[in-house]
Amino acid sequence: MAVSVPIQELAGVPAPETVATRSAWQVLLHNPKFVLGLGFFLVLLAVCLIGGFLAGPIPLRSGSFPPKLGVGSPGMAIAGTTTLGQSVLAQLFQAIPNSMLVGLVAAIIGTTLGALLGLLSGYFGGRVDGILRVLIDVFLSVPSLLFAVLVAALLKSVTVPVLAIVIGLFAWAWPSRAVRAQVLSLKERPFVQIALLSGLSGWEIVWGELLPYLLPWLGANFVNAFIAAILAESGLSILGLGPQQQMTLGQMIYWALTYGALLQNMWWWWAVPVLMLIGLFLALYMVHVGLDELSNPRLRGDG
Amino acid sequence: MGAYWRHLVERLIIFAATVIISVTVVFFVPRMVPGNTLGALSAKLANVGVNFNSKALVDEYNSRFGLDKPLLEQYFAYVRQISQGDLGYSIASFPTTVGDLIKQALPWSLGLLIVTTIISWIFGSVIGGVVGWAGGRSRPLQALVPIALVLYTIPYYILAIILLFLLAFLWPIFPITGAYSAGSHIELTPQFAVDVLRHAALPALSIVLVSLGWWFLSMRSLIVTVKGEDYITWAEAKGLPAPRIFWAYAFRNALLPQVTGLALSLGQIVGGALVTETIFGYPGVGYLIFSSIKTLDYPVIQGAILLIVVSVASVNLIIDLLYPLIDPRIRFGTAGRS
């Protein structure tokens, strides 16, 4: 069972060293993994948006093409067609941006909420910290996919944004625990003490002194949450709990499996979204590794 | 030992909070659906096309849950019922109880997942340790890293679909679905055992391959960290043989977080592998949850979720209580568990 926990967390690597924001981009742009991953991601998104715009809605309708065409058929049927004669390529143009949207929204919700609660809990401590720590531990020890399953099953028909929000609401516990731990160590450092002595308020310190330190880590966590959300989306969709009125990569696989793509040997129907999903994961993972190496220079070079 | 007692009390509070919050969520969330629960239940029964006397079932539910009573009263009744280990009746396969359904499914999930988790943990840790120790010196070993990365990145159910296609359709050496051939009796004969193993092969392979990647990567990164420690340099300076430094100094020290990881994953196996079991039609707890979703059998979904939460939380509790005893470096207090 692959749990998406950043590996270096387990190794007990200390809080990230400072990286000036100016040089951060330069470091990232010289990191081949980051550039390759982000490049692939953006190109894929652009191709889908432009392709989807040019193709229009017609290839998505059933009966637009002869059914069960294989790969290499002319025009929009180049990636094959479904049993209903829909273009797999046209579905892909819809599915990839939708899956990315789920990842984006869920990652924004999870990371922002997590960072906020972690900072609050770690810096101000006290009773709030006590309650938040219990809540964090509760959420971490509960398999979140299961509760997402319960919620999605009850909502009956979800849409892409609703699904993204449901997934995002279960994604804050891990970042808030990690942020909290880092804040606990950061606030003992001299620069925070100096900021306190020079009369900055708690929020000014959190916002101006602590957050910049945490940004590279939060970036890496954001990408991690992005991956986890796409994973959760496809899992829920394959279980039949996805946005059935819309196309996502998971939903494509669901329809393919439901209509017997495996039994009818229509491999392109399920293999195309599966390959795209793997490509997307690898690209995001490379972005994640790039950001990790930025926030944790010890990882650099050892490859 | 004062600090340990405080730690113990704190972990017990977290355990209790986990269970209470989960029971509350599992109780209230279905009732937040618009429309009354009873109406929703009978509408669902009609949807599902269950032909038996649904009026009797609705009445049964009415009396069981006291749905005419105020919500809070219902909640406490539910808590009382749960605490007696009674998870209620299944809707889809009434009058079977939720407990019985779970009891039938649990052995399949446990059997499949205990074996696969341990196999992949052992192989992943050892190979990851060796590769991490060799570092850049061995090019062929380093080639394993991107392979493990790909395996770790692929969602396990995606691998399941690919394996199903390759080894059950294209080259049909393994059965497509189920845990044993249809019509065979569950008995202790060699034929049945072979049948079960053949059916378990593909789900097992997909789980092993993916989690192998994870254990490999985490062990490798742990060993890389340990390699830089002073005690390794010290052991090298003493002139100890390299295998001994690796196994007795590096590997052993890196193993502790891996053991925690193993315990955590073992805590989760009660839930089965939700999507994998669904794809292979493997009759474990994951598949039970899936089929309950299909039939909107909320009591089963709720019961299974509660069972999983309690077992995961119990394992976490045990780890938290044992860990400081095993590793004295763990500190207590506010900064201790970070």
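Colleague: Before we look at this predicted model, which words describe the angle between two helices?

Modeller: Angles under 35 degrees count as roughly parallel, over 145 as roughly antiparallel, and 65 to 115 as roughly perpendicular; the rest are oblique.

Colleague: Then why are H4(A) and H11(A) called oblique to each other?

Modeller: Helix H4 (residues 88–124) and helix H11 (residues 249–258), both of chain A, pack at an angle of about 130°. That value falls in none of the three named ranges, so the pair is oblique. Their axes are 7 Å apart.

Colleague: Which residues make that contact?

Modeller: H4(A) brings Gln91(A), Ala95(A), Ile96(A) and Ser99(A), while H11(A) brings Leu249(A), Gln251(A) and Met252(A). By class, they divide into 4 nonpolar, 3 polar and no charged.

Colleague: Let's turn to chain B. What makes H9(B) fall short of a straight helix?

Modeller: Start with the numbers: H9(B) has 38 residues, and a straight helix at 1.5 Å a residue would reach 56 Å. The end C-alpha atoms of H9(B) are only 48 Å apart. There is also a bend of about 40° at Ala201(B), with a proline, Pro203(B), following within four residues.

Colleague: How does H8(B) compare with its own expected span?

Modeller: H8(B) has 15 residues and reaches 20 Å from first C-alpha to last, close to the expected 21 Å. H8(B) also has a kink of about 25°, centred on Leu164(B).

Colleague: Which residues of H8(B) are buried, and what do they pack against?

Modeller: The buried ones are Tyr156(B), Tyr157(B), Ile158(B), Leu159(B), Ala160(B), Ile161(B) and Leu164(B). They pack against H9 and H12 of chain B, together with helix H10 (202–238) and helix H12 (267–295) of chain A.

Colleague: How many residues are in contact between the two chains?

Modeller: 53 residues of chain B are in contact with 40 residues of chain A. Among the helices of chain B that each supply at least two residues to this side are helix H8 (156–170) and helix H9 (190–227). The side of chain B that touches chain A has 39 nonpolar, 13 polar and 1 charged residues.

Colleague: One last residue, then: why is Asn265(A) called partly exposed?

Modeller: A residue needs 20 or more other C-beta atoms within 10 Å to be buried, and 12 or fewer to be exposed. Asn265(A) has 13, so it is partly exposed. Asn265(A) lies in the loop between H11 and H12 of chain A. Its phi is near 60°, a positive value in a residue other than glycine.

Key. Residues are numbered from 1 along each chain as its sequence is written. Chains are lettered from A and ligands numbered from 1 in the order in which they are written. This is a predicted model: local features need pLDDT of at least 70, side-chain atom pairs count only at pLDDT 80 or more; totals for chains, interfaces and linings use all residues. Axes are lines fitted to C-alpha atoms, for helices over the stretch in contact, and angles run from 0 to 180 degrees between N-to-C directions. Two residues are in contact if their C-beta atoms, placed from the backbone, lie within 7 Å. Ala, Val, Leu, Ile, Met, Phe, Trp, Tyr, Cys and Pro count as nonpolar, Asp, Glu, Lys and Arg as charged, and the others, Gly among them, as polar. The expected span of a helix is 1.5 Å times one less than its number of residues. The bend at a residue is the angle between axes fitted to the seven residues ending there and the seven starting there.
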